[in-house]
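Q: Could you take me slowly through the charged and polar side chains of this protein, with a close look at one arginine and its surroundings? I am in my first year, so please explain each step with care.

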Amino acid sequence: HQIMQMTESLASPAQIAEELAFVAMEHMGCEAAAVMIPDGDCWVTASGIGVVRGDLRYRLSEEHWFIRHVLGEDEIVLIDDTEALRDELSGVPLSGWEYLVGVPLTDANSIVVGARSDEPFDGEAMAEFAERLTEYIADLAESLSVRDVARQIHERGNG
């Protein structure tokens with residue numbers, strides 16, 4: 001009961017991801033944005049703006065090129081030619097756009113994906129954007145932890 005009372009005041013991962021997508025649109029200068037979160041041993045698109053329905057069904061493993069480069073190397077990944085990386089970007093939300101950026105949210109094990117069609121993203125501007133996300137990352141990490149605990153409790157109750 002105490003856990004239930006505590007979790008009622010927390011936003012869900014999808015709600016925080018939606019806020020992050022709006023922040024990304026505003027501060028990254030992108031035309032579309034998505035937030036990928038961990039779900040078991042895969043990453044899924046939790047929310048986005050300008051995301052097509054197909055982008056919501058993909059589940060990317062930790063072996064996926066994009067996940068390995070963004071989270072595995074804890075690096076902002078700037079992609080100036082998505083067509084040249086079509087195979088590597090398969091399943092990544094917004095990969096049909098001309099320019100793509102993946103911003104690691106390391107403490108939440110998540111990724112913000114931004115897309116636009118007019119010009120490449122600037123690495124320095126993306127790094128500045130990432131530095132301003134501390135509160136969102138902490139909220140998302142906490143929300144994901146609560147989700148995982150709730151799933152474990154549910155599994156034990158049904159086991």
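A: What follows looks closely at one arginine and then at other side chains and backbone positions.

Please keep in mind throughout that this is a predicted model, and that the distances and percentages below are computed from it.

The arginine to look at is Arg116, whose place is in strand S6, a strand made of residues 110-116. Although Arg116 is buried, it has no salt bridge, and the nearest side chain of opposite charge, that of Asp118, is 4.1 Å away. A salt bridge requires a side-chain nitrogen of Lys or Arg to be within 4 Å of a carboxyl oxygen of Asp or Glu, and it is worth holding that cut-off beside the distance to Asp118, which is 4.1 Å.

What, then, does the side chain of Arg116 meet? Its charged end sits over the ring of Phe121, 4.1 Å from the centre of that ring. The side chain of Arg116 also reaches the backbone oxygen of Met28, at a distance of 3.4 Å. If neighbours within four places in sequence are left aside, the residues in contact with Arg116 include Met28, Gly29, Cys30 and Glu31, and also Trp97, Glu98 and Tyr99. Phe121 and Asp122 are in contact with Arg116 as well, and Phe121 is the residue whose ring lies under the charged end of the arginine.

A second arginine can be set beside this one, since the charged end of Arg57 sits over the ring of Tyr58, at 5.0 Å from the ring centre. As for pairs made of two aromatic rings, the structure holds zero of them.

Strand S6 also holds Ser110, which we can examine in a similar way. Ser110 is buried, because its relative accessible area is 0%. A polar atom of the Ser110 side chain lies 2.8 Å from the backbone oxygen of Ala108. Not counting residues up to four places away in sequence, Ser110 touches a group of residues, among them Met36, Ile37, Pro38, Leu71 and Val103, together with Leu140 and Leu144.

Just before this serine comes Asn109, which is found in the loop between S5 and S6. Asn109 is not a glycine, and yet its phi is positive, at about 55 degrees. With a relative accessibility of 35%, Asn109 counts as partly exposed. Leu94 is another residue other than glycine with a positive phi, in this case near 70 degrees, and it lies in the loop between strand S4 (77-79) and strand S5 (99-105). Leu94 counts as buried, because its relative accessibility is 3%.

We can now return to charge, and ask how many salt bridges the structure holds. There are two salt bridges, and one of them is formed by the side chains of Asp39 and Arg59, which meet at 3.2 Å from N to O. Asp39 lies in strand S1 (residues 32-39), while Arg59 lies in the loop between strand S2 (42-49) and strand S3 (60-61), so the pair ties together parts that are 20 residues apart in sequence. Asp39 counts as buried, since its relative accessibility is 16%, whereas Arg59, with a relative accessible area of 46%, is partly exposed.

Another salt bridge joins Glu83 and Arg86, and here the closest N and O atoms are 3.0 Å apart. Glu83 is exposed, because its relative accessible area is 54%, and Arg86 is partly exposed, with a relative accessible area of 31%.

A histidine also deserves attention, namely His69, which has its place in helix H3 (residues 65-72). His69 counts as partly exposed because its relative accessibility is 22%. A polar atom of the His69 side chain lies 2.9 Å from the backbone oxygen of Trp65. Leaving aside neighbours within four places in sequence, His69 is in contact with Asp74, Glu75 and Val77. Although His69 and Gly102 are 33 residues apart along the chain, their C-alpha atoms are separated by 9.0 Å.

That separation can be set beside the pair Val52 and Arg68, which are 16 residues apart in sequence and 23 Å apart in space, C-alpha to C-alpha. Val52 is found in the loop between S2 and S3, and it counts as exposed because its relative accessibility is 51%.

To come back to the starting point, Arg116 is buried without a salt bridge, while its charged end sits over the ring of Phe121 and its side chain reaches the backbone oxygen of Met28.

How values were computed. Residues numbered from 1 in each chain as written. Predicted model: local features only at pLDDT ≥ 70, side-chain atom pairs only at ≥ 80, totals over all residues. Heavy atoms only, no water. Phe/Tyr/Trp six-rings, centres within 6.5 Å; stacked < 30°, edge-to-face > 60°. Lys NZ or Arg CZ within 6 Å of the ring centre and 35° of its normal. Helix = DSSP H or I, 4+ residues; strand = E, 2+ residues; numbered from the N terminus. Buried < 20%, exposed > 50% of the residue type's maximum accessible area, 1.4 Å probe, protein only. Lys, Arg positive; Asp, Glu negative; His and termini not counted. Polar contact = N/O pair within 3.5 Å; in protein donor to acceptor, adjacent residues only side chain to side chain. Contact = heavy atoms within 4.5 Å.
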